[in-house]
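Please open the model in the viewer and keep the sequence panel visible. The tour proceeds by selection, one stop after another.

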Amino acid sequence: MTQRTHEDAPQDAAGRPVARWLPGAVLGAVLGVLRALPWAVVTLCIVLAVLAPALAPFNPVASANAPLLPLWSEGHPMGTDSLGRDQLSRLLYGLRPMIFVSLGAVGLALLVGGAYGVVSGVQGGRIDWALMRAVDVFMSFPIILAAILVLAALGPSMLNLTIAVALSQFPIFARLARALAAGEAARDYVLAARAVGYAPLRIMVAEVLPNIVRPLMVQATSVVALAALTAAALSYLGLGVRPPAPDLGFMVREGQELIFLAPEQALLPGLLIAVFALAVSFCGDQLADERTRPGGLT
Amino acid sequence: MSAEILRRLAFLPVTLFFVATLVFIALRALPGSAVDVLTSQFATAGLREQLIAQLGLDQPLWRQYLIYMGDLLRLDLGRSFLTGRSVSSMVWQTLPVTIELAVASLLVMLIAGLGMGLAAAARPGTVLDVGMRVLAMTLFSVPWFWFGIVMIVVFSLWLGWLPAFGRMPSALDYRATTNFVLIDAVIQRRPELIGPWLAHLTLPALTVGLTSAGILMRLARSSMLDAGARDFVLTARMKGVPRRRIFFRHMLRNAALGILTVIGLQFGAMLGGSVVAEVVFGYPGIGRMMIDAIQTRDYAVAQGAALALAVLYVLVNLVTDLTYRWADPRLRREPGR
């Protein structure tokens with residue numbers, strides 16, 4: 001029996017097509033714009049972060065004017081913080097650690113977890129058992145707690161934050177890569193490669209890896225948002241980037257102290273995190289959809 | 001089934017040993033020591049040395065580790081470097097607070113996540129479905145701590161409906177017996193405790209529960225749709241079973257398993273999420289105690305808190321697994337795994 005999943009069923013239970021109330025062309029155009037939107041937002045965030053030094057009107061760590069100017073003040077469209085630093089500049093610069101850490105951590109987790117999983121899946125047997133039990137033990141620990149402890153040990157810095165977040169995502173990639181690699185390892189071409197006498201490393205890198213890299217990449221896209229949120233939470237707890245360097249998570253923390261006086265101090269940086277995470281989530285969702293749809297990726 | 005329980009229980013000490021070691025390493029590697037926090041820069045060298053010896057920090061690391069493990073085996077979590085209070089009693093005092101918050105959050109997540117997921121699955125492909133999915137994605141992508149602050153701004157600052165910080169109003173004379181307020185209210189015959197307690201619990205629980213509801217919504221929706229595509233639904237429809245009955249009796253029962261797993265996993269995640277929520281709302285739970293202890297380098301307290309959280313997490317996962325087996329007769333019948 002072929003199981004119909006919800007992904008390839010754009011119709012309701014009675015078989016009627018979706019959104020009957022819109023003419024096809026209009027719907028297509030609207031959907032097209034909606035699908036492009038998250039990609040545009042992510043690109044914009046990255047561009048703003050990269051160009052922050054050129055775009056920021058003030059030094060983000062130096063006091064520029066009177067403290068706590070409201071929004072839309074002259075010269076300070078986003079106001080100033082409690083130390084008189086320009087909020088717009090701090091927001092722009094604050095994007096940098098978030099994007100660096102989320103992309104870096106996912107890349108690191110993909111690399112290390114992927115390699116770990118491929119070794120486990122291709123080698124099989126006792127090695128597989130031992131490697132996967134180690135992941136089980138790791139998974140039996142609340143992830144944020146592990147990240148907090150790692151950061152407590154390494155001390156707060158952007159690199160350490162990246163390592164801690166990568167560690168929290170390592171099991172996701174290790175398990176996925178292991179499952180995919182074990183599936184491939186059972187197939188004829190791997191058997192053939194073994195019969196010819198290829199070294200295990202060559203089988204892993206040249207034979208198995210190319211066949212599992214796409215689902216791994218899709219998974220990577222779908223956890224960038226989680227990485228950004230984890231990093232932001234750790235920064236909020238004061239374990240991320242060292243002040244006074246601007247960081248969105250820590251800006252929320254600082255702003256919270258003034259919550260009854262100037263709520264925008266905490267709300268704006270958080271909104272920026274949310275927008276970025278949301279856009280990345282939608283991008284990941286689109287890729288995952290394409291993967292499961294016939295004729296899509298993989 | 002019982003073999004599986006035994007296997008899982010046998011795994012428990014291994015996990016706990018690993019957790020305890022990780023906690024030890026992490027906190028010993030902290031830059032600076034509790035002595036710096038305890039003494040001002042004007043403290044004499046003699047006083048500092050005396051303090052270091054008193055706290056056992058002059059021992060080599062391996063001895064500190066052995067002493068620590070030995071104490072753990074005797075369930076002795078040591079004393080706070082800063083206040084001298086027994087860490088075990090601090091854990092017993094704060095853990096119920098966190099459990100209350102996690103359970104309340106779980107309820108919020110269940111109601112919101114299942115409600116949204118079932119609503120979307122009942123009308124797939126409609127505006128309602130798309131709206132629910134976008135809402136789920138939004139809830140999932142909002143930073144928890146920021147969502148909490150938004151709640152404070154809306155419900156405390158603007159509307160003034162709910163308190164923003166703490167667990168009980170300071171004016172209220174609450175002496176903990178179990179520190180589970182509901183239980184204490186019964187034991188101490190003080191029903192007036194419940195109102196203020198609920199008022200303080202609402203915002204943190206909504207924060208953690210709603211931000212976790214997105215995952216549950218998506219899973220409930222897709223499990224229901226998968227169940228709806230199976231042959232038994234077609235059979236039931238041909239027999240003339242009403243749609244509502246098919247939805248709740250046939251589809252929901254089959255989708256329940258996957259949903260149950262996620263609930264268990266999410267409960268664990270909630271313990272983590274409550275760490276953040278406790279900091280946001282100044283809620284006196286174990287997570288906040290841990291973060292404070294890390295910042296003041298109060299090793300013993302941070303260790304105790306991290307261990308307690310990890311043990312709770314491991315136990316919750318174990319219970320979830322076993323419930324899962326119990327709920328799925330197919331898994332129950334097969335011996336071993």
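Select helix H12 of chain B, residues 286-296. Within H12(B), the buried residues are Ile286(B), Gly287(B), Arg288(B), Met289(B), Met290(B), Ile291(B), Ala293(B) and Ile294(B). Please note at this stage that the model is predicted. Because 8 of the 11 residues of H12(B) are buried, this helix is largely enclosed by the rest of the structure. The criterion behind that statement is a count: a residue is buried if 20 or more other C-beta atoms lie within 10 Å of its own.

Next, step just past the end of H12(B) and select Arg297(B), where phi is positive, at about 55°.

Now move to another part of chain B and select H5(B), residues 87-122, together with H6(B), residues 127-141. How far apart are the axes of H5(B) and H6(B)? They are 8 Å apart, and the two helices pack at an angle of about 150°. H5(B) is therefore roughly antiparallel to H6(B), since angles over 145 degrees count as such. The crossing of this pair is left-handed.

To see the residues involved, display Met116(B), Ala119(B) and Ala120(B) on H5(B). Opposite them, on H6(B), display Leu128(B), Asp129(B), Met132(B), Arg133(B), Leu135(B) and Ala136(B). Sorted by class, the residues of this contact comprise 7 nonpolar and 2 charged, with no polar residue.

The next stop is the boundary between the two chains. Select the side of chain B that touches chain A: here 51 residues of chain B are in contact with 43 residues of chain A. Two or more residues on this side come from each of H1(B), H6(B), H7(B), H9(B), H11(B), H12(B) and H13(B). H6(B) and H12(B), already visited, thus reappear in this list. Which helix gives the largest share? That is H1(B), with 9 residues; to find this helix, select residues 2-28 of chain B. Colouring the chain B side by residue class separates 37 nonpolar, 11 polar and 3 charged residues.

Finally, select chain A as a whole. Its secondary structure consists of 10 helices and 0 strands, so following the chain along its sequence gives the pattern α-α-α-α-α-α-α-α-α-α. Of the 298 residues in chain A, 43% are buried. Among contacts in chain A with a separation of 6 or more, 67% involve residues 24 or more positions apart.

How values were computed
Residues are numbered from 1 along each chain as its sequence is written. Chains are lettered from A and ligands numbered from 1 in the order in which they are written. This is a predicted model: local features need pLDDT of at least 70, side-chain atom pairs count only at pLDDT 80 or more; totals for chains, interfaces and linings use all residues. Helices (H or I, at least four residues) and strands (E, at least two) are DSSP runs, numbered from the N terminus. A residue is buried if 20 or more other C-beta atoms lie within 10 Å of its own, exposed if 12 or fewer, and partly exposed in between; C-beta atoms are placed from the backbone. Two residues are in contact if their C-beta atoms, placed from the backbone, lie within 7 Å. Ala, Val, Leu, Ile, Met, Phe, Trp, Tyr, Cys and Pro count as nonpolar, Asp, Glu, Lys and Arg as charged, and the others, Gly among them, as polar. Axes are lines fitted to C-alpha atoms, for helices over the stretch in contact, and angles run from 0 to 180 degrees between N-to-C directions. Angles under 35 degrees count as roughly parallel, over 145 as roughly antiparallel, 65 to 115 as roughly perpendicular and the rest as oblique. A crossing is left-handed if the near helix is turned anticlockwise from the far one by less than a right angle, and right-handed if clockwise.
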